[in-house]
Amino acid sequence: MIPYQIIEKKSRGEVLSATEIAEFINAYTNGNIPDYQMSALLMAIFIKGMSTEETLALTKVMLESGERMDFSGAPGFVADKHSTGGVGDKVSILLAPILAVLGIHIPMISGRGLGHSGGTLDKLESIPGFNVNLDLDTWHDLVMTEKVGLVGQTGNICPADKKLYSLRDVTATVRSIPLISASIMSKKIAEGIQGLVLDVKTGNGAFMQTVSESQALANSLVSIGKGYGIKTSALITDMNQPLGAAIGNWFEMKESVLGLQGKGPDDLMEVTYALGAEILRMAQPDLTQEVAIGMQQKTVADGSAFEKLLKIVELQNGDPKILENMEAYPEAKFSKTVHVKQSGYLAQINTMALGFAGIQLGAGRRVISDEIDYSSGMYIQKKLGEKVETGDEVLTLHSNNETALQEVAGQLSNVFTYTDTRPEIPPLIVERIN
Ligand code: URA
């Protein structure tokens, strides 16, 4: 079949064969199918969905588009954590060093910003010099010696996902269970891990906005992981408000450092420790949840997790000194505060709008070639359910683009909803799927 016919077939909602999927994806990865045809197929998949068999075939071709790592020589458990994407989600930056200190090997492949959600790679690259493009041997050695290496789809790991991911980012084709499943799981399987915990976000700042959609995504991810022999579990966690207070690359890096110094926001630390406990308990099934959380808290309290982050930053060519003296980081030229419009309780936040606002401020990309302004972003000062007074500060925006800042400030006063009575707040950790 020619590409046109495959797009046509999917647009009619028919099931593609494994061969059709493989031929299309391989041709795109090799440059023989242009972005516009790939975008059309992505949109058809987005709208019509894929069967379990098609999702597995897509995962397989993406996995096999590149190399697979082999950590079988590692003396300890090899594992990773991955999030389906949210706003202010900086958990990976805290969790990787915490788990490495506790003896888990973490060959972490992360992504860039996707749609309205931020990406760990962009956050790491806000550290001057930080290199996420290690060659496979260097990355392997780093994981074997330091137990952690933080990279992107480095070298030849899932090149198909690398290309598709940037295309999905700008074509509104992210929010699709088969596309997210294949994207995440191809990278994770390629890492050569034994254990994986997935943070499946749910709510108005997540790609999956309802708990039932998030359950479907979690089940899809977990079953693919298990099919490849990886111990896999998922936590569905709330994304009806940003995690922590910081949104934007350097701001999130800063908040991660504070978290590793014992000064992190409660919600961020709770999600981090809960995900970490999943991995620790996969490695050592006799550990209780309390002990697994306590072990992680100790690495923060005694400074060893922060020391580990500094070491990794140094070994990946970044400047660790900036993390010890964060005030020296260049600030954005302009800032603006958004105020509470009505006394009462903060009942709702349009979290996705905050994510897109971050992009407008310069913290993300509108088109693939956009450069990120690492000093731009925002801090949210209130949490859902908090009592507020008219005129309180609710958001502080930062950008080097004054026009964008003014525009965003105008739009954002409407993203908050206030009520007179205390609203019901969704639990932070909604469900565990295993
Ligand atoms: N993270 C990924 O790596 N891919 C997705 O599609 C969504 C989140």
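**The ligand shell and two sheets**

Reader: What makes the pair between Lys187 and the ligand a polar contact?

Author: In this predicted model, an oxygen atom of the ligand is 2.6 Å from an N or O atom in the Lys187 side chain. A polar contact needs a pair of N or O atoms within 3.5 Å, so this pair qualifies. The protein covers 97% of the 230 Å² of accessible area that the ligand has on its own.

Reader: What makes the pairs at Ser183 and Arg168 polar contacts too?

Author: The same cut-off of 3.5 Å settles both. For Ser183, a side-chain N or O atom is 2.7 Å from a nitrogen atom of the ligand. For Arg168, a side-chain N or O atom is 2.8 Å from an oxygen atom of the ligand. Each distance falls within the limit, so both pairs count as polar contacts.

Reader: How do you know which residues surround the ligand?

Author: A residue is near the ligand if one of its heavy atoms lies within 4 Å of it. The residues around the ligand are His82, Ser83, Thr84, Leu114, Tyr165, Arg168, Ile180, Ser183, Ile184 and Lys187. By class, this shell holds 4 nonpolar, 4 polar and 2 charged residues.

Reader: Where does the ligand sit, and what is that space called?

Author: The ligand takes up the largest cavity. Strand 1 (79-83), helix 8 (159-171) and helix 9 (177-190) are the elements that give two or more residues to the shell around the ligand. Helix 9 makes the largest contribution, with 4 residues.

Reader: Why are strand 10 and strand 12 called edge strands?

Author: They belong to an open sheet of 3 strands, in the order 10-8-12 with antiparallel pairing. Strand 10 (387-388) and strand 12 (416-419) each have a single partner strand, so one side of each has no neighbour in the sheet.

Reader: How do you know that strand 8 and strand 12 pair?

Author: Pairing needs at least two bridges, and 4 bridges join strand 8 (residues 344-349) to strand 12, so they pair. The two run antiparallel, and Leu346 stands opposite Tyr418 in strand 12.

Reader: What makes strand 6 and strand 9 a pair?

Author: Here 2 bridges join strand 6 to strand 9 (residues 377-380), so the requirement of at least two is met. These strands run antiparallel, with Ile247 opposite Met378 in strand 9. They are part of an open sheet of 4 strands, ordered 6-9-11-7 with antiparallel pairing. Its edge strands are strand 6 (246-247) and strand 7 (334-339), each pairing on one side only.

Technical notes: Residues numbered from 1 in each chain as written. Predicted model: local features only at pLDDT ≥ 70, side-chain atom pairs only at ≥ 80, totals over all residues. Heavy atoms only, no water. Polar contact = N/O pair within 3.5 Å; in protein donor to acceptor, adjacent residues only side chain to side chain. Areas by Shrake-Rupley, 256 points an atom, 1.4 Å probe, with all protein chains shown as cover. 1 Å grid on protein atoms, 1.4 Å probe; cavity = no way out; pocket = protein on both sides within 12 Å on 5 of 7 lines; lining within 4 Å. Sits in = over half its atoms within 2 Å of the grid points. Nonpolar A, V, L, I, M, F, W, Y, C, P; charged D, E, K, R; others polar.
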